[in-house]
Amino acid sequence: MTVRTNINTSHLVRLGLIGFLCAGMMLYCIYDGLVGYPNQRIRANEFNEFKEKHSKLDPKEIVDNWKEYAAERGWPTNDPGKPKTDIEINGQFVMAGVIGPIGMLFLIQLLLNWGRWIEAN
C-alpha cells in the first residue's frame with residue numbers, strides 16, 4: 001500500500017512570505033544606503049549651517065525660516081536631526097548583505113518544494 005501526501009500549503013506560504021519580506025527589506029536597505037541616508041546627511045549639514053548662519057535670531061524664527069528654505073528646495077520642513085555617518089550608511093549595505101541571502105534561501109526552498117509530494121510504500 002502506497003501513502004502519498006503533498007507539501008502543506010501553509011508551509012509554502014510561510015516560506016514565500018519570509019522570502020519576500022527579506023527581499024523587500026534588502027531593497028529598502030539598499031535604497032537607504034544609496035539615496036535616503038546621503039540625502040538626509042545633506043539636509044542635516046545644511047540645517048546646521050543654516051542655524052549657525054542665523055544664530056542671532058530667535059529659535060522659533062530659525063525654525064520658521066528653515067521651513068521656508070527647505071520648502072524652496074523640495075525638502076521635508078522638519079528638523080532632519082543629526083547627519084548620518086559613514087558607518088550608518090555602510091551599515092545599510094551590511095544589513096542588505098545579511099538579509100538578502102537569507103531571503104533567497106527561503107525563496108529557493110519555496111521553488112524546490114512547489115508541486116512536490118512525499119510518498120511511502
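User: Is cysteine 22 buried or exposed?
Analyst: This is a predicted model, and the values given here are computed from it. A residue counts as buried when its relative accessible area is under 20%. The relative accessible area of cysteine 22 is 16%, so cysteine 22 is buried.

User: How many disulfides does the count come to?
Analyst: A disulfide requires a pair of cysteine sulfur atoms within 2.5 Å. Cysteine 22 is in no disulfide, and the nearest cysteine sulfur, that of cysteine 29, is 10 Å away. Cysteine 29 is likewise in no disulfide, with the sulfur of cysteine 22 as its nearest, at 10 Å. By this rule the number of disulfides is 0.

User: Is cysteine 29 buried or exposed?
Analyst: The limit for a buried residue is a relative accessible area under 20%. Cysteine 29 has a relative accessibility of 1%, and therefore counts as buried.

User: What distance does helix H1 reach from its first C-alpha to its last?
Analyst: Helix H1 covers residues 9-53, which gives 45 residues. At 1.5 Å a residue, a span of 66 Å is expected. The distance from the first C-alpha to the last is close to that expectation, at 62 Å.

User: At which residue does H1 bend by about 50°?
Analyst: H1 runs over residues 9-53. Within H1, the bend of about 50° is found at aspartate 32.

User: Which residue caps the N-terminal end of H1?
Analyst: The cap rests on a side-chain oxygen that lies 3.2 Å from the backbone nitrogen of serine 10. A polar contact is a pair of N or O atoms within 3.5 Å. The residue that supplies this side-chain oxygen is asparagine 8.

User: Which element gives the most residues to the largest nonpolar core?
Analyst: The core has 6 residues in all: Phe47, Phe50, Ile62, Trp66, Tyr69 and Ala70. The elements that give two or more residues to this core are H1 and helix H2, which spans 59-73. With 4 residues, the element that gives the most is H2.

User: Which residues does alanine 70 touch, not counting residues up to four places away in sequence?
Analyst: Alanine 70 is one of the residues of the largest nonpolar core. Beyond its sequence neighbours up to four places away, alanine 70 touches Trp75, Pro76 and Thr77.

User: Is alanine 44 buried or exposed, and which residues is it in contact with beyond four places in sequence?
Analyst: Alanine 44 is found in helix H1. Its relative accessible area is 0%, so alanine 44 is buried. Leaving aside neighbours within four places in sequence, the residues in contact with alanine 44 are Pro80, Gly81, Lys82 and Pro83.

User: What is the distance from the side chain of glutamine 40 to the backbone oxygen of proline 80?
Analyst: Glutamine 40 is found in helix H1 and is buried, with a relative accessible area of 8%. Not counting residues up to four places away in sequence, glutamine 40 touches Pro80, Gly81, Lys82, Pro83 and Lys84. Its side chain reaches the backbone oxygen of proline 80 at 2.6 Å.

User: Why does the span of H3 agree with what its number of residues should give?
Analyst: H3 has 28 residues, which should span 40 Å at 1.5 Å a residue. The span agrees because the end C-alpha atoms of H3 are apart by 41 Å.

User: Which element is included in what covers the buried residues of H3?
Analyst: The buried residues in H3 are Ile89, Gln92, Ala96, Gly100, Gly103, Leu107, Leu110 and Asn113. Glutamine 92, with a relative accessible area of 7%, is in contact with Cys29, Asp32, Gly33 and Tyr37, its neighbours within four places in sequence being left aside. What covers the buried residues of H3 includes H1.

User: Which residue with a positive phi follows H3?
Analyst: H3 comprises residues 86-113. After H3 comes a residue whose phi is positive, near 80°, namely glycine 115.

User: How far apart are the C-alpha atoms of alanine 71 and glycine 24?
Analyst: Alanine 71 has its place in helix H2 and is partly exposed, at 49% relative accessibility. Glycine 24 lies in helix H1 and is also partly exposed, with a relative accessible area of 36%. These two residues are 47 residues apart along the chain, and their C-alpha atoms are separated by 30 Å.

Conventions. Residues numbered from 1 in each chain as written. Predicted model: local features only at pLDDT ≥ 70, side-chain atom pairs only at ≥ 80, totals over all residues. Heavy atoms only, no water. Expected span 1.5 Å × (residues − 1). Bend = angle between axes of the 7 residues up to and from the residue. Polar contact = N/O pair within 3.5 Å; in protein donor to acceptor, adjacent residues only side chain to side chain. Core = buried A, V, L, I, M, F, W, Y, C linked by side-chain atoms within 4.5 Å. Buried < 20%, exposed > 50% of the residue type's maximum accessible area, 1.4 Å probe, protein only. Contact = heavy atoms within 4.5 Å.
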